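Here are my notes from a pass through this one. Have a look at the model first, then read on.

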Amino acid sequence: MKKDTHLEYSSRGTYDSILLVGFGGPTPGCCRQHDPCPGEAHCFVEGIVGNAPSNAARVQEVANHYVKLGGFSPFNELTFKQAEALGDALRKQGVDSPIYVGMRNWTPYLHETIEKMVERKHRNVLAIIMSAYRSKASWERYQNDVIAAVETVGDQTLSIRYLEDLWHLNPGFINAIAERIRSACSNISESRFAEAALIFTAHAIPQVAAKTSPYPEQFRQTASAVAEVLGSDFDIAYQSAPDNPTVPWTGPDINDLIREKRKAGVQDAIVSPIGFLCDHVEVLYDLDLEAKATAEACGMNFIRAGTVGEHPDFIDMLANLV
């Protein structure tokens, strides 16, 4: 099978299975790669950053984020719940297709999942990359990892195509985000909501990558559409950029924007992480711990809206696209 068959997009046709392609996160337990065991979070981060001695400090720093959250990430569990919800939604539409989950950076690795799919005689797979905005890191790298996984499995008859539809402006996605914000703000008055700083966040990327991808514009378009539904002004910010990067990353940083808003007299920060489809460590640590601490340090109330997760509007949107 030629490599470029994996870069094709979906067209109306028959598929025998669906593959959700995710980033992955460490799970509870021991990775069994070191003795004594440092925990799966250490091995997970080491696998992404690299095990060179020069990376040791960075690996330990990021792994400690997971340690403060209990030593693992809920990402895998939450992605499987999304897959289960998608299956339920499809069955309601008369489509009973097996749904699999494969991760780039942790088990079940893509090659493990694809091997299982091949064993079960699946040949025409519709893949969904679990990212709303496209950049090299959030789109092409996922596709390349799928290609590598298929080559590892060694099956030449497997066809994997991707759900092409751009859904960053789909009403299902927009409404799910808006509902998460409304839910998070249910205890504050309408007048207080109107005066709050509504801030949408996405993962920062290098500026050079931002200039050559639709990622920043798609992010801003989603934010604008949600704010319109809510009848609110808004700001966008980026999060989770590395400390002391060697190249510029997209901004403003969420912590800097919170401080700026407080100096302007704003009392409440409502933060919606629309760059994430479920809770990553970047949400649970970088927002719920670090950004919240920044807000509290300058006397500002911090409200974090949930990610779309298994929200019925979001899941139904995926089902309709499939």
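1. Start with the surroundings of Thr222. Leaving aside residues up to four places away in sequence, Thr222 touches Tyr133, His168, Leu169, Phe173, Ile174, Ile177 and Ile274. Keep in mind that this is a predicted model.

2. Thr222 sits in helix 9, which covers residues 215-230. Its relative accessible area is 0%, so Thr222 counts as buried, the cut-off being under 20%.

3. What does the polar end of the Thr222 side chain have for company? A polar atom of that side chain lies 2.8 Å from the backbone oxygen of His168. His168 is also among the residues that Thr222 touches.

4. Now the sheet. It is an open one with 4 strands in the order 6-5-7-8, paired in parallel. Strand 6 (235-239) and strand 8 (301-304) are the edge strands, each pairing on one side only. On average, neighbouring strands are turned by 30° against each other, direction ignored.

5. Zooming in on one pair: strand 7 (residues 268-272) runs parallel to strand 8, with 4 bridges between them. Within this region, Ala269 stands opposite Phe302 of strand 8. Helix 10 packs on the sheet, where it touches strand 5 (197-203), strand 6, strand 7 and strand 8. The direction of helix 10 makes about 140° with that of strand 6.

6. Last, Asp256. This residue belongs to helix 10, residues 254-263. Is Asp256 buried, partly exposed or exposed? At 45% relative accessibility, Asp256 counts as partly exposed, because the value falls between the 20% and 50% cut-offs. From Asp256 to Tyr238 the C-alpha to C-alpha distance is 9.9 Å, with the two 18 residues apart in sequence.

Notes
Residues numbered from 1 in each chain as written. Predicted model: local features only at pLDDT ≥ 70, side-chain atom pairs only at ≥ 80, totals over all residues. Heavy atoms only, no water. Helix = DSSP H or I, 4+ residues; strand = E, 2+ residues; numbered from the N terminus. Buried < 20%, exposed > 50% of the residue type's maximum accessible area, 1.4 Å probe, protein only. Polar contact = N/O pair within 3.5 Å; in protein donor to acceptor, adjacent residues only side chain to side chain. Contact = heavy atoms within 4.5 Å. Pairing = 2+ DSSP bridges. Axes fitted to C-alpha atoms, helices over the stretch in contact; angles between N-to-C directions.
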